[in-house]
Amino acid sequence: MKQYYVVMALAVVFSCKNPSGENKQVAKEIAREKTEKAPVLNLEEARRLSQMPLHCMDTEYPNKLNQVIGSEEDLQSPKALHPAFYGCFDWHSAVHGHWSLVSLLKRVPELEGASEIKGKLLGHISKENIAQEVAYFYGEHNKTYERTYGWAWLLKLAEELHTWDDPVAKELESNLQPLTDLIVTKYLEFLPKLNYPIRVGEHPNTAFGLSFAYDYALSVGHIALKEMIEGRAKDFYMNDQGCPLSWEPGGFDFLSPCLEEAALMKRILPKETFKPWLADFLPQLVASNFALEVGKVSDRSDGKLVHLDGVNFSRAWSLMKISEGIPEYQYLQNIAYKHINHSLPSIVGDSYEGGHWLGSFAIYALNSVHE
């Protein structure tokens with residue numbers, strides 16, 4: 001943020017010397033964008049957000065199994081099918097609920113009930129449970145199960161464990177490793193077959209799935225996965241121009257197709273290549289008076305409509321990534337703050353339709369502000 005304040009100061013000084021015209025407007029816009037308060041993941045916020053995954057990780061019903069039933073043998077309870085990740089309504093939400101707790105413990109070690117939380121994590125992510133999760137993916141009808149949204153969150157969980165300096169993290173990472181390795185293999189097998197990216201605002205979004213997988217590859221030094229994602233991202237997105245951001249969000253979106261793509265390309269391109277690419281892809285971002293209205297939820301008891309809280313968090317983490325290390329885009333961080341601040345007060349104490357997953361999105365968005 002240091003560059004941001006230098007730019008603001010220079011703009012104000014210059015406008016005083018020449019108080020008319022474009023420079024005055026620039027200073028005015030910069031001052032306006034500075035007004036949003038940066039959200040903070042403090043101890044109380046961490047305690048509040050931890051209650052959401054703690055509440056749902058052992059809540060087996062209601063549950064959406066998303067399975068193809070090949071025979072009556074497949075008609076088993078969620079816990080029987082997925083002993084590690086059976087709660088929080090569906091498999092991917094259970095996975096990122098576990099990620100949420102790991103992330104909070106890693107960043108806020110003094111979190112209330114930390115030892116109990118570690119015990120619950122060890123109980124769920126045991127060697128025996130993960131072996132059964134792996135076996136599920138080898139079922140005849142399960143080879144594409146949770147592709148790629150659940151895969152992405154599994155690798156995000158693995159990355160969080162790998163980068164957490166704690167004895168419990170090492171044990172959990174080791175227990176999870178067979179499933180982690182399987183998901184990496186699935187990415188490496190699937191990506192060469194994908195001729196076109198999936199550009200939607202929900203689970204199948206290709207850019208989102210590649211971003212999380214890329215973060216994992218960088219963290220653990222998995223060269224094959226890293227290079228595969230770099231190549232496919234360039235194949236899919238390098239020639240994209242004029243993304244229709246004004247069409248977003250869709251009524252059920254929890255991801256921004258335009259911003260997720262830009263955040264992925266920021267990861268894989270050098271700055272000198274990314275900046276002209278972004279100027280062509282989202283030219284409206286160049287203007288310092290760029291604004292983005294928050295997604296508005298009309299009914300938080302509706303499992304689809306509440307997705308718009310999610311889009312606010314995911315927009316925020318994408319904007320933070322896009323602006324990272326680029327002074328002329330620092331003002332986007334204030335738009336990110338606005339999106340987080342709009343939805344954060346509403347998600348705790350919300351209905352189960354949002355509570356089983358939105359905490360993870362909020363935590364990841366808050367992490368992006370302080371990394």
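The legends below describe three close-up views of a predicted model.

**View 1. Glu146, a buried residue in the loop between α7 and α8.**
The loop that holds Glu146 runs between helix α7, which covers residues 127-137, and helix α8, which covers residues 149-162. Although Glu146 is buried, this residue has no salt bridge, and the nearest side chain of opposite charge, that of Lys64, is 9.2 Å away. Once the neighbours within four places in sequence are left aside, the residues in contact with Glu146 are Trp91, His92 and Trp151.

**View 2. The crossing of helices α10 and α12.**
Helix α10 is made up of residues 206-220 and helix α12 of residues 257-268, and their axes come within 8 Å and cross at roughly 30 degrees. Because angles under 35 degrees count as roughly parallel, α10 and α12 are described as roughly parallel to each other. The crossing in which α10 passes α12 is left-handed. On the α10 side, the contact is made by Ala207, Phe208, Leu210, Ser211, Tyr214 and Asp215, while on the α12 side Glu260, Glu261, Leu264, Arg267 and Ile268 take part.

**View 3. Arg267 of helix α12 and the residues that it touches.**
Arg267 lies in helix α12 and is one of the residues through which α12 makes its contact with α10. Its relative accessible area is 17%, and since buried means under 20%, Arg267 is classed as buried. Not counting residues up to four places away in sequence, Arg267 touches Ser211, Tyr214 and Asp215, which also belong to the α10 side of the helix contact, and in addition Arg267 touches Lys321 and Tyr364.

Definitions and conventions
Residues numbered from 1 in each chain as written. Predicted model: local features only at pLDDT ≥ 70, side-chain atom pairs only at ≥ 80, totals over all residues. Heavy atoms only, no water. Helix = DSSP H or I, 4+ residues; strand = E, 2+ residues; numbered from the N terminus. Buried < 20%, exposed > 50% of the residue type's maximum accessible area, 1.4 Å probe, protein only. Lys, Arg positive; Asp, Glu negative; His and termini not counted. Salt bridge = Lys/Arg side-chain N within 4 Å of Asp/Glu carboxyl O. Contact = heavy atoms within 4.5 Å. Axes fitted to C-alpha atoms, helices over the stretch in contact; angles between N-to-C directions. Parallel < 35°, antiparallel > 145°, perpendicular 65-115°, else oblique. Left-handed = near helix turned anticlockwise from the far one by under 90°.
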